[in-house]
Amino acid sequence: MSLVTLARNTGYAFGENRLTLVAVIILALLALCAIFGPYIAPYDPLVTSATTKLARPSALHPFGTDALGRDILSRVIVATRLDLGMAVSAVALSFVLGLALGSLAGYFGGWTDRIVGRAMDTIMAFPLFVLAMGIVVALGNSVANIIIATMIINLPFYCRFARAEVNVRRELGYVEAARMGGNGSLRTLLNHIVPNILPPMMVQASLNMGWAILNAAGLSFIGLGVRPPTPEWGIMVSEGASYIISGEWWAFMFPGAALVLAVFSFNMLGDGLRDLLDPRKRV
Amino acid sequence: MAQLEIDNLSVEFRTRHGVVRALDSVSLSVTRGEIVGVVGESGSGKSVTAYTVMGLNDEAAQITKGNITMGGIDLLAARPEAMRELRGREMAMIFQSPRTALNPIRKVGKQIEDVLQEHAGLPNRDLRKAAIAALARVRIPDPERRAEAYPFELSGGMCQRVMIAMALACTPSVLIADEPTTGLDVTTQAVIMDLIRDMSRSTRMSTLLITHDLGLAGEYCDRIAVMHAGHIVEIASTEALLDRPAHPYTRQLLAATPVPESRLEDLNSIPGHLPDLRGELPPCRFSGRCERRQPICDEAELPWTELSPAHVVRCRFPLS
Amino acid sequence: MTPLLEVRSLSKFYPIKRAGRGARLHAVDDVDLTIGAGESVGLVGESGCGKSTMVRLLGRLIDPTAGQVLLGGEDLTAITQAKFASSASRRRIQVVFQDATESLNPSFRAFQAIADPLKRLLGMNNGAEMDRRVLATAALVGLPEELLQRYPHQLSGGQRARVGIARAVAVEPSLLILDEPTSALDVSVQAVILRLLADLRARLAMSYLFVSHDLNVVRLLCSRVVVMYLGKIVEIAPAEALFTAPRHPYAQALVAAIPDPARRGEARPRLDGSPTSPIDPDPNACRFYGRCPKGADICTKAMPPLRAVGPDHFAACHFALSPHGGIDER
């Protein structure tokens with residue numbers, strides 16, 4: 001797609017879908033927080049204070065403070081880097097590995113397809129979150145292992161999608177023409193087919209990001225992976241949950257809202273991308 | 001008296017790239033038992049005409065002027081429920097790609113029964129027999145067994161016959177066939193076209209045959225209307241159109257269509273390309289490609305010239 | 001004089017999974033064919049006759065079950081199709097595909113599409129030489145230079161057809177197989193493309209195998225026509241002879257079915273029904289028996305061989321040999 005058409009279609013996608021524009025703005029803000037978090041946070045997220053424990057949201061602490069007196073706003077901002085970082089890494093790894101395995105399976109069929117298929121079936125046989133928990137427990141409690149666990153349980157999603165997309169294109173004229181033109185099987189797959197399946201796969205990746213964020217946060221929520229005092233939305237929700245009954249709602253609400261906002265924005269972005277890549281959809 | 005009459009029809013489509021003036025002042029009539037061919041290339045508007053008659057256009061379509069009457073009924077003024085009643089009973093359509101136009105998960109016999117149940121008002125116990133009779137009418141061998149088949153089990157030609165059976169189940173007075181044999185082998189095409197022609201004659205049905213194949217129209221149609229870029233440029237009896245074409249486009253189309261006697265050197269192509277139907281259009285949409293073009297062609301309103309009662313052409317300088 | 005292409009006893013069978021019987025679908029069955037240098041041969045037949053399989057076999061996209069394909073004496077089937085892609089002979093046979101099957105890569109600009117085979121088959125590497133060659137080929141097929149930077153969806157049907165042709169002839173093949181190259185084009189554009197193809201054949205000294213369902217077009221472009229039915233060749237004849245006096249009943253039905261405005265209103269004999277099954281057909285019976293308007297006992301006992309019925313004219317029918325259309329009892 002040429003740049004001009006891309007720009008025009010972007011305009012349409014945004015014009016017809018205001019939510020997409022909102023989503024992009026929110027994601028841009030989140031990205032800013034992720035990159036510049038420590039510099040824009042008003043307070044040091046790790047500094048505790050016995051005197052301002054569980055303070056209500058106020059001008060001084062717009063999001064209030066938590067049970068250890070730390071400023072929640074700062075912690076939410078700084079946590080963005082970790083939450084988004086874990087999700088983006090996991091999705092990127094899943095994407096690449098799933099694309100590779102799925103394309104090979106979809107193009108060559110036969111034993112490649114059978115082996116990859118059984119491997120994916122094995123992963124999907126487990127309730128995915130439980131599997132993620134199991135992997136983190138087995139490998140050890142660390143951010144890297146959260147990423148690995150999230151990557152593994154996300155793999156079948158990309159693998160199946162790539163496999164289906166490659167399968168559909170395998171018999172098309174231009175693939176045969178590529179082989180006529182001297183491209184071997186692997187080169188045909190890589191240079192001729194994969195560039196065509198990347199756009200729909202990116203839509204999937206965008207829709208998958210929200211899920212990946214929730215997954216990483218969820219593992220932290222139950223105490224696996226990220227350890228306190230590291231600021232991370234999942235842990236913060238977990239810590240704040242104990243105070244709902246006593247009425248200190250801000251401890252869990254703001255990190256929870258951040259999660260919701262991030263997930264929502266990625267989903268909206270995915271929908272918008274889908275429209276962008278298929279301009280024939282609307283009259 | 002014409003069974004189907006399209007009078008001065010203009011249709012526009014609102015798209016994100018602008019308003020497409022798909023049809024402009026299209027007028028055509030079909031009498032009982034007549035087969036009229038609508039011939040044109042891609043973008044000529046022939047399918048849009050068919051869909052507008054059947055009331056199957058999507059919401060982006062707007063009929064800006066004109067009338068369509070069938071047997072005296074004003075189709076454009078009819079309410080959706082009335083149109084639904086008419087479709088299938090009084091007017092029917094058969095489509096290209098028969099295997100995809102049939103429901104893939106329903107037996108073909110049942111699909112015909114559905115049509116009969118909806119429109120013919122037969123009691124349930126008679127439906128199956130009527131469906132089998134419909135299949136027999138289109139000369140499908142072993143109709144009792146074939147009625148139990150799914151579309152994927154039948155060949156393209158068989159599927160097209162099933163579609164014809166469905167269309168003709170309630171003996172409609174108007175049949176619109178939109179490229180019914182594109183994609184079928186030439187031997188199957190001949191059988192299907194013979195069938196359509198025979199059924200048209202025997203039930204005195206008005207038939208509109210939409211095709212890009214001028215040779216096909218030449219063999220099966222009584223009259224032919226040639227379309228270009230949303231205009232009808234010429235209507236004449238088949239002999240008159242093929243032997244004495246009056247519109248420059250018709251003549252070029254004939255010269256470009258290979259027939260058994262053609263030679264490669266004589267085959268011509270039509271210069272230029274279709275005008276963009278979204279922009280400013282001259283009164284004659286062919287003028288940009290016409291070698292006989294004069295300045296007045298781009299200024300004054302395009303007249304209908306009647307060369308004889310049955311031969312009209314939309315051109316200022318028709319060929320003699 | 002060695003013909004350019006020689007096909008000997010070529011067969012392609014596909015195994016069909018049926019309850020342990022090893023059933024096979026006979027897509028192409030024991031076909032012999034030759035194409036001379038500079039010759040244009042047409043291949044016609046209904047869907048399921050095996051012409052698409054022939055395109056893939058001769059284009060070396062699939063391997064035959066049996067038989068050989070010789071190009072200028074060299075046996076192309078000696079290596080598998082996977083290895084053939086990198087052999088020096090790959091460039092000698094090229095295919096122009098149907099536009100309708102998405103024959104151009106949507107993410108490649110026209111320039112890249114034409115350049116790719118030059119890179120792979122002629123080892124050109126994005127240099128000035130390659131650019132020159134791409135531009136020269138584009139000029140040869142009448143594709144204006146500014147269109148080379150466009151993507152397929154930005155090109156018209158005729159322009160896409162030209163890109164497909166350019167891609168195939170850029171490596172200067174000896175044999176060009178054309179699979180319905182104009183069937184998706186409007187008739188106004190078709191004539192130009194057909195004349196281009198005729199012109200190119202002369203200029204680049206290629207042979208053509210032209211596959212089409214449009215018999216009028218085949219007649220325009222080909223000097224000889226091969227008719228296939230259910231995997232076998234049933235008639236080979238010079239183009240004029242086939243269209244004026246076909247000898248095999250199937251070919252006769254085919255020619256009679258061509259729409260002809262001059263024969264309006266005439267009731268002509270039509271070929272109804274469908275072909276018999278291509279799965280494990282009886283090797284001793286004519287495949288057309290049952291659907292054929294003619295038929296005799298011998299048709300079920302002996303497969304009619306392809307025999308000469310005239311100058312350069314062969315038909316595989318027991319009725320075809322004797323001039324008055326009776327059965328040949330030999």
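Begin by displaying chains B and C together: in this predicted model, 33 residues of chain C are in contact with 30 residues of chain B.

Next, keep chain C in view and select helix H6 (187–204), helix H7 (215–221) and helix H9 (249–256). Each of these helices of chain C supplies at least two residues of the side that touches chain B. Colour H6(C) separately, as the largest share of that side, eight residues, comes from this helix. Colouring the side of chain C that touches chain B by residue class then shows 18 nonpolar, six polar and nine charged residues.

Now hide chain C and turn to the sheet of chain B. Eight strands form this open sheet, and following them across gives the order S6-S7-S8-S3-S9-S10-S12-S11, with mixed pairing. At the edges stand strand S6 (91–94) and strand S11 (305–308) of chain B, each of which pairs on one side only. Between neighbouring strands of the sheet the turn is 20 degrees on average, direction ignored.

Within the sheet, select residues 174–178 and 206–211 of chain B. These are strands S7 and S8, which pair in the parallel sense over five bridges. Show the side chain of Asp178(B) here; opposite this residue, in S8(B), stands Ile210(B).

Finally, add two helices of chain B. Helix H1 (residues 46–54) lies across strand S3 (35–39), S6, S7, S8 and strand S9 (223–228) of chain B, and runs at about 145 degrees to S7(B). Helix H7 (residues 156–168) of chain B also packs on the sheet, where it touches S6 and S7 of chain B. The direction of H7(B) makes about 170 degrees with that of S6(B).

Key: Residues numbered from 1 in each chain as written. Chains lettered and ligands numbered in written order. Predicted model: local features only at pLDDT ≥ 70, side-chain atom pairs only at ≥ 80, totals over all residues. Contact = placed C-beta atoms within 7 Å. Helix = DSSP H or I, 4+ residues; strand = E, 2+ residues; numbered from the N terminus. Nonpolar A, V, L, I, M, F, W, Y, C, P; charged D, E, K, R; others polar. Pairing = 2+ DSSP bridges. Axes fitted to C-alpha atoms, helices over the stretch in contact; angles between N-to-C directions.
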